[in-house]
Amino acid sequence: MTELTLAKALGSGLRRALSDDDKVVLLGEDIGTLGGVFRVTDGLQRDFGKDRVIDTPLAEAGIIGMAVGLAFRGYRPVCEIQFDGFIYPGFDQIVAQVAKLHYRTAGKVRMPLTIRVPYGGGIGAVEHHSESPEAYFAHTAGLRVVTCSTPQDAHSMLREAIASDDPVLFFEPKRRYWTKGEVDEDATALPMGKARVVTEGTDVTLVTYGPLVATALDAAVAAADDGISIEVVDLRSLSPVDFDTVSASVRKTGRLVITHEAAESGGIGAEIAATLTDRCFYYLEAAPVRITGFDVPYPAAKLEDHFLPDLDRILDGVDRALGRVNSLTGWSA
Amino acid sequence: MSTTVPVKAQMSGAKKQTPEFVQLLDPDGKRLSDELYDPWVSDVTGDQLASLYEDLIIVRRIDTEATALQRQGELGLWPPLFGQEAAQVGSARTLRPDDFVFSSYRENAVAYCRGVKLPDLLRVWRGTASSGWDPFEVGMATPAVIIGAQTLHATGYAVGCTFDGVDSVSVAYFGDGATSEGDVNEAMVFAASFNAPVIFFCQNNQWAISEPVGLQAQRPIADRAPGFGIPSIRVDGNDVLAVMAATRSALDRARTGGGPTFIEAVTYRRGPHTTSDDPSRYVDPLVAKEWEARDPIARVEAFLRSEGVLTDELAASIQARADEVAAEFRAGCLALENPEPLSVFDNVYATEHSGLARQKSQYKAYLEGFDK
Ligand SMILES: Cc1ncc(C[n+]2csc(CCOP(=O)(O)OP(=O)(O)O)c2C)c(N)n1
Ligand SMILES: [Mg+2]
């Protein structure tokens, strides 16, 4: 066991993957000499060489498309997209090729790519550096989509993603890169497709993932002071979603709040709400509540506090789910 | 020497330049002659060059001030243009008001020359707005952060100008790294196919964050354009006069129906990529030192002094003026107001959107709950 930041835990996961399988290659902008703009790949090029940790030309379609070719050739590429908002030049390769090649070739061609994406806001950045584009990918058949919230998960899930024979979009909560936690490289990890009940509770199920897990835990502590018992579920996987774990929780609490940074419309929260309404209709005591980023482009830094769900907005959502006085009391639908 | 006489090359000792690398003022400030490009600046007087010199001093001064503001916590981030002053000023000062610029984030000197107000340069970096200015007021779009995207926009704007029968030109500014993106290559295809009056102005500052230009291009970047059917010029980007000559020749081609031109301005990013960057991880200090000797300001200064145009007195007054501008810049930065919370919902659509209107009124109710 060592205490590592989430960023360092990702780095140690990459290091293990590179040592364990010589078909693993890393590709990305500034990942070599610089070690990545967040230093996740720090030291890896020095230790594994320029053929395995590759600084690519500045082109995301190039990075993903070249990884597709490497995968055809039996490699297991791990691509770094520098920031969430820069994934779109590579979007076509991901959606039209990476996601569909296995299907198109009747399973003959595997695409064991991992595409790492630092995502989310809260760091006071300029445009395109704070986005949460996970729903686009969860909407795309053929891709697995996961995200981590602790250093241990960062390490274990990344290794599992790289070992997966399916393409995995691996979303890294960049504002939590500096969060520290114990990491056991040899721990038997919870499979990346499983959700985790992070803290148990009886009154409300609070479902979240990635950067907002920490905020949800703060909300659970704050609510406990008010005598409200929140069960926090960290989804970890967004495609597939571990609905068994979420349903079990909702059957217990009867109330569901979902929170994520991404916009509300067409988001992961909508999928959770719809499926849980379907699977737990007779257990629900109230309509599922979504607390999300608004349906606006990620705003300027001085406005991000008015975009991101925070403790107060989450607690307001909990009050709504419980039928307590809340900001929408008396609101006519 | 009278300061109103055109800045002519001194033939004695002047070295003939190959057209491949246009240089009119060498790093020591010696005026070189160039058959092809001299005519494009034959009208530039000593006074005009001194005025360009003043621009160079001012943009460097405000760039330094912005870095200081970032260090003091007043800006979230700043992308310094230190070292690229001549490439930006020399090109931007040749444009007409009805021309239109599409740039990336580093072109703050271009924006300054286009007449962008000082605090407007800082809104985005202070995080108070998503963009700094009205593009149509200054003939310059607000910067593209997505690398290379703006080159296609410039191409489309230029095609629009030909449809409208006007001789305005659009200029796309982008970096060496950007030339690897599909968008930039597609822009060149489109510009060539439609004979668009666009200038592709690439500042090859040798770096794309930590990646040296050698990773993006195995030959000089300017060599790529002819393959698309676009004539190109490789110019000393640290030579304000040569940049001006190259840009004027490209503008002339565009205005007279000759279509696009690609200009590679060879320069050097003397600062970090942005204030978040640590170039000590990847820059060889010896190479950086070599580029310091090719500084864009020193050579103009040396030339103007040798011509007797720049006196100690004038230099001091330019410096004083630069300090004044920097003070105004700083004050403007500190006076920028934070946006209203509910403005987060503004301008997403040109017309009312019912879903968003609902979110806005719900958030308004939520905020009002705190006052109760
Ligand atoms: C599509 C996209 N990918 C990645 C980035 C991250 N990024 C910002 S600047 C930069 C390097 C750009 O280099 P260059 O084009 O040479 O311009 P310079 O910064 O040198 O002015 C990178 C990779 C981005 N902004 N957009
Ligand atoms: Mg560059």
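The following questions and answers concern a predicted model.

Q: How are helix 6 and helix 7 of chain B oriented relative to each other: roughly parallel or roughly antiparallel?
A: The axes of helix 6 (residues 149–163) and helix 7 (residues 182–193) of chain B come within 7 Å and cross at roughly 15°. Angles under 35 degrees count as roughly parallel. Helix 6 of chain B is therefore, with respect to helix 7 of chain B, roughly parallel.

Q: Which residues of helix 7 of chain B meet helix 6 of chain B?
A: Helix 6 of chain B passes helix 7 of chain B in a left-handed crossing. From helix 6 of chain B, the contact involves Ala149(B), Thr151(B), Leu152(B) and Thr155(B). By class, this contact of helix 6 with helix 7 of chain B has six nonpolar, two polar and two charged residues. The residues of helix 7 of chain B that take part are Asp183(B), Val184(B), Glu186(B), Ala187(B), Phe190(B) and Ala191(B).

Q: Is the arrangement of helix 2 and helix 9 of chain B oblique or roughly parallel?
A: Helix 2 (residues 85–92) and helix 9 (residues 240–255) of chain B pack with their axes 8 Å apart, at an angle of about 40°. Angles count as roughly parallel under 35 degrees. The angle therefore makes helix 2 of chain B, relative to helix 9 of chain B, oblique.

Q: How many nonpolar residues does the contact of helix 2 with helix 9 of chain B have?
A: Helix 2 of chain B passes helix 9 of chain B in a right-handed crossing. Ala86(B), Ala87(B), Val89(B), Gly90(B) and Ser91(B) in helix 2 meet Val240(B), Val243(B), Met244(B) and Thr247(B) in helix 9 of chain B. By class, the contact of helix 2 with helix 9 of chain B has no charged residues, three polar ones and, as nonpolar residues, six.

Q: What classes of residue form the contact of helix 3 with helix 4 of chain A?
A: Helix 3 (residues 60–72) and helix 4 (residues 91–98) of chain A pack at an angle of about 25°, with their axes 7 Å apart, and are therefore roughly parallel to each other. Ala61(A), Ile64(A), Gly65(A) and Val68(A) of helix 3 and Gln93(A), Ile94(A) and Val98(A) of helix 4 of chain A make the contact. By class, the contact of helix 3 with helix 4 of chain A has no charged residues, two polar and five nonpolar.

Q: Which residues coordinate the magnesium ion (ligand 2)?
A: Along the chain, the donors of the magnesium ion (ligand 2) follow the spacing D-x28-N-x1-W. Both Asn205(B) and Trp207(B) are buried. Coordination of the magnesium ion (ligand 2), at 2.0 to 2.1 Å, is by Asp176(B) (OD), Asn205(B) (OD1) and Trp207(B) (O).

Q: Which residue does a cis peptide bond join to Ser239(A)?
A: Most peptide bonds are trans. At Ser239(A), omega is about 0° for the cis bond to its partner. The partner is found in the loop between strand 12 (237–239) and helix 9 (243–253) of chain A, and is Pro240(A).

Q: Is His128(A) buried or exposed?
A: His128(A) lies in the loop between strand 5 (114–119) and helix 6 (134–138) of chain A. Its phi is near 75°, a positive value in a residue other than glycine. With a relative accessible area of 17%, against a cut-off of under 20%, His128(A) is buried.

Q: What is the relative accessible area of Arg236(A)?
A: Arg236(A) is found in the loop between strand 11 (230–234) and strand 12 of chain A. Although Arg236(A) is not a glycine, its phi is positive, at about 65°. Arg236(A) is buried, with a relative accessible area of 0%.

Q: Which residues of chain A does Leu215(B) touch?
A: Leu215(B) is found in the loop between strand 5 (211–212) and helix 8 (224–228) of chain B. At 27% relative accessibility, Leu215(B) counts as partly exposed. Not counting residues up to four places away in sequence, Leu215(B) touches Asp55(A), Thr56(A) and Pro57(A).

Q: What separates the C-alpha atoms of Thr41(A) and Asn326(A) in space?
A: Thr41(A) is found in the loop between strand 2 (24–28) and helix 2 (44–48) of chain A, and counts as buried at 0% relative accessibility. Leaving aside neighbours within four places in sequence, the contacts of Thr41(A) include Leu14(A), Glu80(A) and Arg116(A). Thr41(A) and Asn326(A) are 285 residues apart along the chain, and their C-alpha atoms are separated by 45 Å.

Conventions. Residues numbered from 1 in each chain as written. Chains lettered and ligands numbered in written order. Predicted model: local features only at pLDDT ≥ 70, side-chain atom pairs only at ≥ 80, totals over all residues. Heavy atoms only, no water. Axes fitted to C-alpha atoms, helices over the stretch in contact; angles between N-to-C directions. Helix = DSSP H or I, 4+ residues; strand = E, 2+ residues; numbered from the N terminus. Parallel < 35°, antiparallel > 145°, perpendicular 65-115°, else oblique. Left-handed = near helix turned anticlockwise from the far one by under 90°. Contact = heavy atoms within 4.5 Å. Nonpolar A, V, L, I, M, F, W, Y, C, P; charged D, E, K, R; others polar. Donors = N, O, S within 2.8 Å, 3.2 Å for Na, K, Ca; no water. Buried < 20%, exposed > 50% of the residue type's maximum accessible area, 1.4 Å probe, protein only.
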